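User: Please go through this structure with me, one question at a time.

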Amino acid sequence: MTRFMNGHVPKFSIYDLRNLRKIPQIEALTEEQKFEMEVVAQVLPFRTNSYVVEELINWGDVPNDPNFLLTFPQKDMLMPEHFDAVAKLLKLGAGRKEMQRTVNRIRRDLNPQPAGQLQHNVPRLDEQKLEGMQHKYRETVLFFPSQGQTCHAYCSFCFRWPQFVGDENLKFATRETERLIDYLRDNPQITDVLFTGGDPMVMKSRILCSYIDALLEADLPNLRTIRIGTKSLTYWPYKYLTDPDADEIINLFGRVNNSGKHLAIMAHFNHPNELQTEALAQAVERIRSTGAQIRTQSPILRHINEDADAWATMWRKQVDLGMIPYYMFIVRDTGAQHYFGISLMRAWEIFRDASQKVSGICRTVRGPSMSAHPGKIQVLGINEVRGEKIMTLTFLQGRNPDWIHRPFFARYDEDAIWLDELEPAFGEDKFFFEEELEQMCEEGISSGQIDLTELLMVEEVA
């Protein structure tokens, strides 16, 4: 087991709704603040840990500290009518069933599975749905290992919050590695498998190894890249340093690289403060020593990082540590979007201003991007054509690969925060992709149900 710094091995302690009030630093908050957090945590999942509490949060700046807001529920993360309904039940001492009925109704109002995840992203094999997988884009399939459907701490903005609330109807998860391998064999256009969750890095090494080694042993010629989506570097970097299986994890990463496959760690960092600890720097160094690349991404968040200087600082520090800035996302249309979301135009302004503050080596980041139903859509900027002010957008990924990098235009809207609030420019009735998208939905076509290469060939012949 690798020792961290002076041989100290930190203890991982979890805090959730059940022991929220036992966090020593919470004692300094008012009773009203504690109650508000307990109300919101009935609806949106709450979980943090000792590293976040002791090393990331500046308790002298609470409640404004960004990492406090990232992990501790706040009153305004629920709409007023939702907050009041839950608060009333708590004050009355309502029973579990009554509380659950109200909470479930509120969760349904929060668009728990956006962008067609349940309806249009689940692939099929031999006419059977592969429930623990998603296949939206031709080259990449998402795999949700059942043992990785939690995190070291929960982000209060997370669009995957339904994974953590105990509702099996909203959850993606699977143990079926064999079915994944069969699906990859049947779909040679797939080059990338993304392990996601939750956070796959909460799994013990033996479990993670069982999944990844099975892929390596299958010797799939089409599989080129294994990705792992994780926020463990932010919320528990000791996973790679002092956990009992830290060395086994590092050895696994090395095996992937030695097999000829590319290993990409898709790391989530939301604020420069998350990049300041010695544990983080050492964890990044250990991972990079295996040949893996670390790519970084984050949504742009009101109250957290709605600032060009924060993004420029974050990108520069990531590059200093050897990581690759990859994506700036728009907050998805689910959960507490009303609390964290900002307008598309404001996001674009921040992205542009931050890009101007850094060298070209930091400008590998793409954004601001919406992971919407038709695909990943980037806001390119504002133009004026024939006297009409317009917004220019393009696809970074699409349900049909032919849409990628095809610019399209929307009427200028300074308040819109998501794609469905935009209208086509120049008097058009629909955006260029909408009719084909509607057809895909009607016919049950997704990347997992039809080879989009064949779809494109049909279009070319027609």
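The turns below cover the chain as a whole and then two residues.

Analyst: This is a predicted model, in which local features need pLDDT of at least 70, side-chain atom pairs count only at pLDDT 80 or more, and totals for chains, interfaces and linings use all residues. Residues are numbered from 1 along each chain as its sequence is written, and side-chain values use heavy atoms, with hydrogens and water left out.

User: What share of the residues in the protein chain is buried?

Analyst: Buried means under 20% relative accessible area, exposed over 50%, and partly exposed in between, with a 1.4 Å probe and protein chains only. The protein chain has 462 residues, and the buried share of them is 59%.

User: Is Asn-67 buried or exposed?

Analyst: Asn-67 sits in helix H3, residues 66–71; helices are DSSP runs of H or I with at least four residues, strands are runs of E with at least two, and both are numbered from the N terminus. Leaving out residues up to four places away in sequence, Asn-67 touches Leu-56, Ile-57, Asn-273 and Glu-274, where contact means heavy atoms within 4.5 Å. Because its relative accessibility is 0%, Asn-67 counts as buried.

User: Why does Asp-415 count as exposed?

Analyst: Asp-415 is in the loop between strand E15 (408–411) and helix H15 (434–442). Asp-415 counts as exposed because its relative accessibility is 56%.

User: How many helices and strands does the protein chain have?

Analyst: Helix H3 holds Asn-67, and strand E15 and helix H15 flank the loop with Asp-415. For the protein chain, the secondary structure comes to 16 helices and 15 strands.
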